[in-house]
Amino acid sequence: MKSYEEGTTGNKTSAIVFVILGFSHRPDMKVIFFILFLCIYIITVLGNLIILLVINMDPVLHTPMYFFLTNLSFLEICYTSVTLPRVLVSLLSSDTSISFAGCAAQMYFFLFFGATECCLLAAMAYDRYLAICSPLHYMDIMNKKVCMQLAASSWICGNLVALGHTTFIFSLPFCGSNVINHFFCEIQPVLMLVCGDTYWNELQIILAAAFVILMPFLLILVSYSLIISSILKIGSARGRYKAFSTCFSHLTVVTLFYGTAVFIYIRPKSSYSLDVDKVLSLFYSVLTPILNPIIYSLRNREVKGALFKMSQWHTVREHLSSDRNAGPFCQG
């Protein structure tokens, strides 16, 4: 199969088919990888769906913080669905090729959900800042309209970032190898297939990524600096613990997500290690989404309480249903 066709610029070519290397270097581990990734995908989707269901059904959780959490859970389902289903298919099939348009679409959606998560985590930090530093005015400031605007802005910003990055990268000329040494169409592995000197292209991408990743991160840092300053002013240790516990889940997710994202995107191609970055990408694109519902359910009393109420209600319904079914037979 011809992987490249001659373009309009002489010896420059335009790729029509890429081959995603994925985990093909370990054919003996294909079954194990498939079972592992399938379990991760199912748990991720079910875990985040449960969070969505619990928040929707319990009126106690109809607050700004949980409104943003529903956005985050929905986003994590989409984020994982961009990469894992294709990985599962490639593990079952010997065909690991992906079209030029397919690769561009995968990169777009991956960047879209990733950039949206950056903005959404910043919005959640702002929400925690207002809840702790301005509790008396919290509900007046974080009203439904403001919550909707912050969430919508996050999704719009993510879309614009993804559209700009993807359009820029896939407008570059590709030549030589068409093998992407990764398990999806990630920026750096795809950029390695671009013809000629890509120094300025790399620099533009790094600067754009720095803006997208670091600006929300700086907002998060400022928010938490003010939060910590406010918490330290609380007299009792119990009060300080209670205030900080409302931020612990969000802070854990921020650390997991930004810790790997910053390392991968804000550095030049010369320091890029294929094997190390493949593992790191796996961590923030696959493991972070599966950990989010666990973090928010195990460390959050309100979510645990709502889950308990749901389980109790389900038990009561089953009991009532069994009583109705047994009723006619019990009548004397």
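How many of the 29 residues of helix α2 are buried? In this predicted model, the count is 21, so α2 counts as mostly covered, given that buried means under 20% relative accessible area. That makes α2 a handy place to start, and the helices that pack against it can be taken one by one.

First, the helix itself. α2 runs over residues 64–92. At 1.5 Å a residue its 29 residues should span 42 Å, and the end C-alpha atoms are indeed 42 Å apart, so the two figures agree. The helix does have a kink to report, though: α2 bends by about 40° at S81. A proline, P85, follows within four residues of that bend.

Next come the neighbours. Helix α1, residues 30–57, has an axis that comes within 9 Å of the α2 axis, and the two cross at roughly 160°. Angles over 145 degrees count as roughly antiparallel, so α1 gets that label relative to α2. As for handedness, the α1 and α2 crossing is left-handed. The residues that make up this contact sort into 21 nonpolar, 7 polar and 2 charged.

Helix α3, residues 100–133, also packs against α2, at an angle of about 160° and with the axes 10 Å apart. This pair is therefore roughly antiparallel too, and α2 passes α3 in a left-handed crossing. Broken down by class, the α2 contact with α3 holds 15 nonpolar, 5 polar and 5 charged residues.

Then there is helix α5, residues 144–169, whose axis comes within 10 Å of that of α2. Here the crossing angle is roughly 25°. Since angles under 35 degrees count as roughly parallel, α2 and α5 are put in that class. The crossing of α2 past α5 is right-handed.

Back to α3 for a closer look. It has 34 residues and reaches 49 Å from first C-alpha to last, close to the 50 Å expected at 1.5 Å a residue. How many of the residues of α3 are buried? The answer is 27 of the 34, so this helix is largely enclosed by the rest of the structure.

A few pairs of residues that lie well separated in chain numbering round out the picture. G158 is found in α5 and is buried, with a relative accessible area of 0%. Its C-alpha atom and that of F113 are separated by 6.5 Å, although G158 and F113 are 45 residues apart along the chain. I169 also lies in α5, and at 0% relative accessibility I169 counts as buried. For I169 and A104, the C-alpha separation is 8.8 Å, with their positions 65 residues apart along the chain.

The last pair brings in another helix. Y224 is found in helix α7, which covers residues 199–232. Is Y224 buried or exposed? With a relative accessible area of 6%, Y224 is buried. The C-alpha atoms of Y224 and R128 are separated by 8.4 Å, and the two residues are 96 apart along the chain.

Definitions and conventions:
Residues numbered from 1 in each chain as written. Predicted model: local features only at pLDDT ≥ 70, side-chain atom pairs only at ≥ 80, totals over all residues. Heavy atoms only, no water. Axes fitted to C-alpha atoms, helices over the stretch in contact; angles between N-to-C directions. Parallel < 35°, antiparallel > 145°, perpendicular 65-115°, else oblique. Left-handed = near helix turned anticlockwise from the far one by under 90°. Nonpolar A, V, L, I, M, F, W, Y, C, P; charged D, E, K, R; others polar. Expected span 1.5 Å × (residues − 1). Bend = angle between axes of the 7 residues up to and from the residue. Buried < 20%, exposed > 50% of the residue type's maximum accessible area, 1.4 Å probe, protein only.
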